[in-house]
Amino acid sequence: FGATASYGSAAGGPRKWVSLAAAYVRRPFVDPGELTSTNRAVFGFNLIWLTEQETYLAEVLDAMVARGGVLRRPPLIGRSFPFERLPDALRFLQSG
């Protein structure tokens, strides 16, 4: 299981709207009913508003660190495999 995150921002302008409209029309169709049966998810979030909230962001991150949040915890690794044993790793993952 894994996740991929895409992020970025778009610049505006009169010429940009044409390419944005074309990209909107060509975007892939996502059927929410198909996501569950294929173990997939789509997430969306907007962090642009934080660019003007530096004090708030610093407070939240400091609180996360103070409470032992994700910034201080090591990752939990149940088992690891060398690349040469990739088939074994997949079987282990599929075994639940």
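## Confidence in the model

What pLDDT does the protein average, and what share of the residues score at least 70? The structure is a predicted model, and across the protein the pLDDT averages 76, with 76% of the residues scoring at least 70. When the helices are considered one by one, confidence is lowest in helix α1, which covers residues 14-26 and has a mean of 76, whereas it is highest in helix α4, where the mean is 89.

## Overall fold and surface

The protein contains four helices and zero strands, and reading from the N terminus the elements therefore follow the order α-α-α-α. Of the 96 residues in the protein, 5% are buried. The accessible surface of the protein amounts to about 9500 Å², and carbon and sulfur atoms account for 60% of that surface.

## A nonpolar patch

On the surface there is a nonpolar patch formed by Trp49, Tyr56, Leu57, Val60, Leu61 and Met64, and together these residues have about 500 Å² of accessible area. One of the residues in the patch, tyrosine 56, is placed in helix α3, which spans residues 54-66. Tyrosine 56 has a relative accessible area of 44%, and it counts as partly exposed because this value falls between the 20% below which a residue is buried and the 50% above which it is exposed.

## Salt bridges around aspartate 88

How many salt bridges does a search of the whole structure find? The search finds two. In one of them, arginine 85 pairs with aspartate 88, and the closest N and O atoms are 3.0 Å apart. In the other, aspartate 88 pairs with arginine 91, with the closest N and O atoms 2.5 Å apart. Salt bridges that share partners thus connect Arg85, Asp88 and Arg91 in one network.

The positions of these residues can also be followed along the chain. Aspartate 88 and arginine 91 both belong to helix α4, made of residues 86-94, and they stand three residues apart, which is about one turn of the helix. As for accessibility, arginine 85 has a relative value of 35% and counts as partly exposed, while aspartate 88, with a relative accessible area of 29%, is partly exposed as well. Aspartate 88 is not counted as buried, because its 29% is not under the 20% cut-off that the term requires.

Technical notes:
Residues numbered from 1 in each chain as written. Predicted model: local features only at pLDDT ≥ 70, side-chain atom pairs only at ≥ 80, totals over all residues. Heavy atoms only, no water. Patch = residues over 30% accessible without salt bridge, like charges linked within 9 Å, V, L, I, M, F, W, Y side chains within 5 Å. Areas by Shrake-Rupley, 256 points an atom, 1.4 Å probe, with all protein chains shown as cover. Salt bridge = Lys/Arg side-chain N within 4 Å of Asp/Glu carboxyl O. Helix = DSSP H or I, 4+ residues; strand = E, 2+ residues; numbered from the N terminus. Buried < 20%, exposed > 50% of the residue type's maximum accessible area, 1.4 Å probe, protein only. pLDDT = per-residue confidence, 0-100.
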